[in-house]
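User: I'd like to learn how to read cavities, pockets and salt bridges in a model like this one. Could you walk me through them?

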Amino acid sequence: MTKYLNFIGGEWKDSKNGAVKEHYNPANPSQLIGYTVPATADEVNEAVGQAKLSFLTWKQRSPVERGEILRKAADLLEAQAQGIAETATKEMGKRLIEMKGEVLRGAAILRYYAQEGMRKQGEVLPSANSQNTLYSMRVPLGVVSVITPWNFPVAIPIWKIAPALVYGNTVVWKPSQETGITAVKIAEVFEQAGLPAGVLNLVNGSGEIVGNTLVEHPEIAAITFTGSNRVGRQLASKAVAQNKKYQLELGGKNPVIVLEDADLDLAAKLTIDGAMKQTGQRCTATSRVYVEQSIYETFIEKLLEQVSQIKVGDGLEETVTMGPVASKKQFETVTSYINKGIEEGAEILYGGQALDAAVYNSGYFIEPTIFGKVTNEMTIAREEIFGPVLAVVKVENYTDALTQANDTIYGLSASLFTNNLDKAFDFIKNSEVGMVQINGETGGAEPQAPFGGMKESSSGTREQGQAAMEFFTAYKTVAITTNL
Ligand code: UN1
């Protein structure tokens with residue numbers, strides 16, 4: 001069984017204390033996939049030291065040249081899409097077809113940021129003094145710590161690492177413990193693309209040791225994190241204490257509103273897609289749907305028709321349309337939310353059960369689940385579940401729906417289904433989220449568009465597109481005075 005090592009200073013290194021972490025397939029938890037090696041604090045410090053050293057030369061390279069390496073990485077990633085996708089499917093359960101799509105999305109992001117190395121990174125400003133040439137330029141921050149989740153084990157790391165690198169930073173990356181093997185495959189791609197030693201370092205391990213050492217390390221200039229609100233908050237307070245820059249992408253409780261004039265078939269399809277794709281394990285997943293009372297019954301029928309087409313099973317099988325949840329921990333969290341929904345008086349309209357362990361190799365399979373008779377006070381309408389669970393709420397009208405949709409601590413994405421232009425524009429203006437959809441699914445992101453949320457969903461600076469420059473660079477303002 002393969003042992004996957006850490007990548008520090010351009011070398012693949014075993015942990016000095018000999019510890020290993022076993023990785024099992026969530027679709028078949030007795031199947032061992034491989035081992036990773038949890039780094040010790042000393043090894044994390046070594047990685048930061050290597051990143052610091054390589055920053056001195058990496059920042060001197062031209063952005064065009066740095067972009068060229070990203071372009072090579074994109075080609076290599078694409079060529080290895082099948083193998084990397086299979087590894088990730090076995091490691092965290094996402095369906096192979098979804099995983100392949102994600103790897104190709106990773107390649108598209110790399111190509112976007114390769115090109116970013118050719119775009120403007122500063123501006124010339126007028127000066128009060130006619131002898132002055134005044135301009136601002138963007139400069140890298142130094143060593144950036146990239147901390148990523150298991151639910152997009154390829155795309156999220158790449159959408160953080162690619163801009164970090166093209167703008168001249170070096171990186172120490174701590175992936176989720178659940179997807180350490182996939183992370184090794186990604187680091188290999190960057191190595192094969194010719195990234196100089198120490199520019200990207202990969203340290204597997206726990207949040208407690210690896211995460212904390214990174215966050216508290218005086219040589220880390222900035223931290224970009226996607227994950228839970230609980231961890232994000234701890235991380236932010238530590239970062240503030242040391243005046244480090246931080247960027248957080250946290251939870252969501254993304255609503256869909258369906259009005260009576262909408263295309264109900266489209267709305268039902270995209271609501272189910274939004275809720276159940278990736279087994280609901282997306283921060284952008286649809287988790288609440290507010291339906292105008294006049295079409296409530298009809299819409300429920302359409303939702304049931306859509307959801308009943310889902311076939312749950314091992315994501316390596318082509319006919320399967322929903323895989324397992326990623327781990328035992330996820331399985332327990334999601335089933336406890338389902339129980340809470342029942343306890344608090346919501347009605348199960350579909351699913352609600354774990355699949356028979358005897359038939360399904362004791363894999364972490366849960367039926368796609370729809371709750372009716374939900375009110376906004378219920379836990380299932382308030383907390384992020386991160387599983388295949390949708391709460392349906394009946395509302396009086398658009399205004400009622402908007403008020404309830406906004407009544408949440410989160411503000412990532414939201415979607416309105418309507419053909420009414422006035423309501424569509426009102427929603428764009430008044431929905432308290434970072435990403436609004438009209439007649440679209442709450443999930444999904446394009447590499448060139450800013451990604452992120454309002455309220456407790458994000459820390460402010462957006463990821464992806466040119467918005468990423470805001471986080472991964474600092475301004476340097478330059479004034480040159482001449483005398484002729
Ligand atoms: C998507 O909806 O395709 O962790 C992207 C997440 C988000 C990314 C979602 N940061 O689910």
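User: Which residues lie nearest the centre of the largest cavity, and how many line it?

Analyst: A cavity is a set of points on a 1 Å grid, over the protein atoms alone, where a 1.4 Å probe fits but cannot get out; lining residues have an atom within 4 Å of a point. Here, 15 residues line the largest cavity, and G280, A285, S287, I385 and F386 are the ones nearest its centre. Keep in mind that this is a predicted model: local features need pLDDT of at least 70, side-chain atom pairs count only at pLDDT 80 or more, and totals for chains, interfaces and linings use all residues. Numbering runs from 1 along each chain as its sequence is written, and side-chain values use heavy atoms, with hydrogens and water left out.

User: What volume does the largest cavity have, and what is its lining made of?

Analyst: Volume is the space filled by probe spheres set on the points, with grid points joined across faces, edges and corners. For the largest cavity that comes to about 90 Å³. Its lining splits into six nonpolar, six polar and three charged residues (Ala, Val, Leu, Ile, Met, Phe, Trp, Tyr, Cys and Pro count as nonpolar, Asp, Glu, Lys and Arg as charged, the others, Gly among them, as polar).

User: How many cavities of 30 Å³ or more does the whole structure have?

Analyst: Six turn up at 30 Å³ or more. The second largest has about 50 Å³, and its lining includes M92, R95, W150, Q278 and P324. That lining has three nonpolar, six polar and three charged residues.

User: And pockets: which residues sit nearest the centre of the largest one?

Analyst: A pocket is an open set of points with protein on both sides within 12 Å along at least five of seven lines. The largest pocket holds about 1,300 Å³ of space. Of its 42 lining residues, G227, S228, R230, V231 and K329 lie nearest the centre. Two or more lining residues come from each of α7 (207-216), β11 (220-226), α8 (229-241) and α11 (328-343); helices (H or I, at least four residues) and strands (E, at least two) are DSSP runs numbered from the N terminus. The largest share, seven residues, is from α8. By class, the pocket lining has 14 nonpolar, 17 polar and eleven charged residues.

User: How many salt bridges does the structure have?

Analyst: Count a salt bridge when a side-chain nitrogen of Lys or Arg is within 4 Å of a carboxyl oxygen of Asp or Glu. The whole structure has 23. One of them pairs E216 with K238, with 3.3 Å between the closest N and O atoms. E216 is in helix α7 and K238 in helix α8, 22 residues apart.

User: Are E441 and R282 buried or exposed?

Analyst: Use relative accessible area: buried is under 20%, exposed over 50%, partly exposed in between (1.4 Å probe, protein chains only). E441 is at 11%, so it counts as buried, and R282 is buried at 7%. Their side chains meet in a salt bridge at 2.6 Å, N to O. That pair spans 159 residues, with E441 in the loop between β19 and α15 (468-472) and R282 in the loop between α9 and β14 (286-292).

User: Where do D265 and K302 lie?

Analyst: They form a salt bridge with the closest N and O atoms 2.9 Å apart. D265 lies in helix α9 (residues 264-276) and K302 in helix α10 (residues 296-307), so the bridge ties together parts 37 residues apart in sequence. D265 is partly exposed at 48%, and K302 is partly exposed at 21%.
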